[in-house]
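Thank you all for making the time this morning. I would like to walk you through one structure, going slowly from contact to contact, and I will leave the sequence and the model on the screen while I talk.

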Amino acid sequence: MRIASSILLTLLVGSCHHNQNIEAFSVPSQSTSSCCNRSATSLHATVEKTALKAPSDIPDDDVPGMFEKYVQKTYGRYPLTIVSGKGCTLTDSNGKEYLDFVAGIATCILGHSNPALSSAVTSQINTVHHVSNLYLIPSQAKLAAWLAENSCADKVFFCNSGAEANEGAIKLARRHASKRGITDPVIVSAKQSFHGRTLAALSATGQPKYHDGFTYGGEMVKGFEYVEYNNVEDLKQVVKKINDNPEDLEKQGRKRGLAAILLEPLQGEGGIIPGKKDFFAAARQLCDDCGALLMCDEVQVGMGRSGRLWGYENLDIEPDVFTSAKALGGGLPIGALMARGDAADVFVPGTHASTYGGNPLACSAGLAVAQYMSDHDILTNVKERGDQLSEGLKKLAEKYPKILAEVRGWGLLKGIKINDDAGVTAGELVGEAMAEGLLLVAAGPSVVRFVPPLIVSKEEINKALSIFECSIQKHS
């Protein structure tokens, strides 16, 4: 029956197309509609109905078992099932509460079940949640305006994630370089950086362990060079080498040159390492000297986590391009690629796009986050609570010097280094803190990261420090 139906479908559709030359996006004629209607009527009598298994028919009493059976193992997950949250507190399936200092990895900056965010998203999904970027979307325009008015950007491109935003930045840099006559564009990024999991963003990530298994002939996407973060001389030497066009390329009519320098204002996955002003000033000057773009990856540090809206504001420079995601939607998927000057006009219709990017639902979340930050002076809270967290961690480092070392970071993106001979790893301390009711996240094997919601209170900071100390005491 299925074979016969397939043959009938082919014959009928072929007949319909033979009689009417239908083009994509055109309005069908009356005769075309008649042909297709006849086809549909015939098919109704011959195609077997396939019954779907409804989600309600699938047992969900064994969540770990379902993960084991159905979900690809791209994460090393803790045996913890979160079922609800409020403010800075999460509750698991056993009713145990946790103080959340992970915030979805620097994402849920307004905490959980924030009334303003919930209201905005509920209202939007009951109005219109998605339309194509073929049409004007008011909330997208307003969020773009808010981002531009509160940064050095002139224009914004919306997407769905940090990796997509960085992938877009890489494309933008290459196209910008092409307009400058460069056929072999090179982007410089930093060792120990992290820019996302898509192929070009992963190629920009200066950590070989993430490249394993994804190369072609032993190489990732070509056109990337890496320098030591905060090392001015290394940066200058690499840029000089890039801009010195090899003779063999010149003979082929090709030109190698610096397309962009892509840097995190603060390296997050690399161990919570803030950028230095002289390094970023040198990067800015090197780009200015040859017409390349300075690009900042603000995916983790941006949207207020550093105590300033953007991480680059701590470094006394302005990038040509910068990216955002994570906190931008307060936990709803949204990313943004922002640019100024001629970089803002590199993309034209047909050169870059996103189906979901900047849709009404995502932008309503972004606007709710932006409004809440403005109404509640969130940046002041970040500075005050960040200082409190730093002081508390420094006191613990002084009290337990055999285990804890330096405290580093900005605002509410803080890390504390675990000594190499401490006898315990950052991951182990994270696990022990979890058992005591505090959620933390490691940043590499030797740094414990603290990234709470930006609404965190003085009392919650003190509670987190107390629980963390209990975990340390087990090893002192």
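Before I name any residue, let me fix one term: I will call a residue buried when its relative accessible area is under 20%, exposed when that area is over 50%, and partly exposed in between. Please also keep in mind that what you see is a predicted model.

Let me begin with the salt bridges, of which the count comes to 15. In one of them R254 is paired with D184, and the closest N and O atoms of the two are 2.5 Å apart. R254 sits in the loop between α10 (247–251) and β7 (256–263), whereas D184 belongs to strand β5 (residues 184–190), so this pair ties together parts that are 70 residues apart in sequence. The two partners also fall into separate classes of accessibility: R254, with a relative accessible area of 32%, is partly exposed, while D184, at 17%, counts as buried.

A second salt bridge joins the side chains of R284 and D320, with 2.8 Å from N to O. Here R284 comes from helix α11 (residues 277–290) and D320 from the loop between β10 (293–297) and β11 (321–324), so the contact ties together parts of the chain that are 36 residues apart in sequence. Both of these residues, R284 and D320, are buried.

The third one I want to show you is between K474 and E436, whose side chains meet at 3.3 Å, N to O. This pair, too, links distant parts of the chain, with K474 in the segment after α15 (458–473) and E436 in the loop between α14 (426–435) and β15 (438–439), 38 residues apart. How accessible is E436, by its relative accessibility? E436 is at 39%, and because partly exposed covers the range between 20% and 50%, E436 counts as partly exposed. K474 is likewise partly exposed, with a relative accessible area of 49%.

Going back for a moment to R284 and D320, I should add that salt bridges sharing partners join R284, D288, D320 and R340 into one network.

Now let me turn to the strands. Four of them form an open sheet in the order β1-β2-β3-β15, and the pairing in this sheet is mixed. The edge strands are β1 (82–86) and β15, each of which pairs on one side only. β1 runs antiparallel to strand β2 (residues 89–92), and four bridges join the two; as an example to find on the screen, I82 has D92 in β2 as its bridge partner.

Elsewhere in the chain, please look at β10. What covers this strand can be described residue by residue: five of its five residues are buried, with L293, M295 and D297 on one side and L294 and C296 on the other, so that both faces are covered. β10 is joined to β7 by four bridges, and these two strands run parallel, with L294 in β10 as the bridge partner of I261. β10 also pairs with β11, again in the parallel sense, over three bridges, and there M295 stands opposite V321.

From the strands I move to the aromatic side chains, where the count comes to seven aromatic pairs. One of them is formed by F279 and F280, and it is edge-to-face, with 5.8 Å centre to centre and 85° between the planes. F279 is buried at a relative accessible area of 0%, and F280 is buried with a relative accessible area of 0% as well. Together with Y229, F279 and F280 form one aromatic cluster.

My last stop is N114, which lies in the loop between α4 (103–106) and α5 (115–125). At 6% relative accessibility, N114 counts as buried. Which backbone atoms does the side chain of N114 reach? The side chain reaches the backbone nitrogen of L117 at 3.0 Å, and the backbone nitrogen of A116 lies 3.0 Å from a polar atom of that side chain of N114.

That is the tour I had prepared, and I am happy to go back to any of these places on the screen.

Definitions and conventions:
Residues numbered from 1 in each chain as written. Predicted model: local features only at pLDDT ≥ 70, side-chain atom pairs only at ≥ 80, totals over all residues. Heavy atoms only, no water. Salt bridge = Lys/Arg side-chain N within 4 Å of Asp/Glu carboxyl O. Buried < 20%, exposed > 50% of the residue type's maximum accessible area, 1.4 Å probe, protein only. Pairing = 2+ DSSP bridges. Phe/Tyr/Trp six-rings, centres within 6.5 Å; stacked < 30°, edge-to-face > 60°. Polar contact = N/O pair within 3.5 Å; in protein donor to acceptor, adjacent residues only side chain to side chain.
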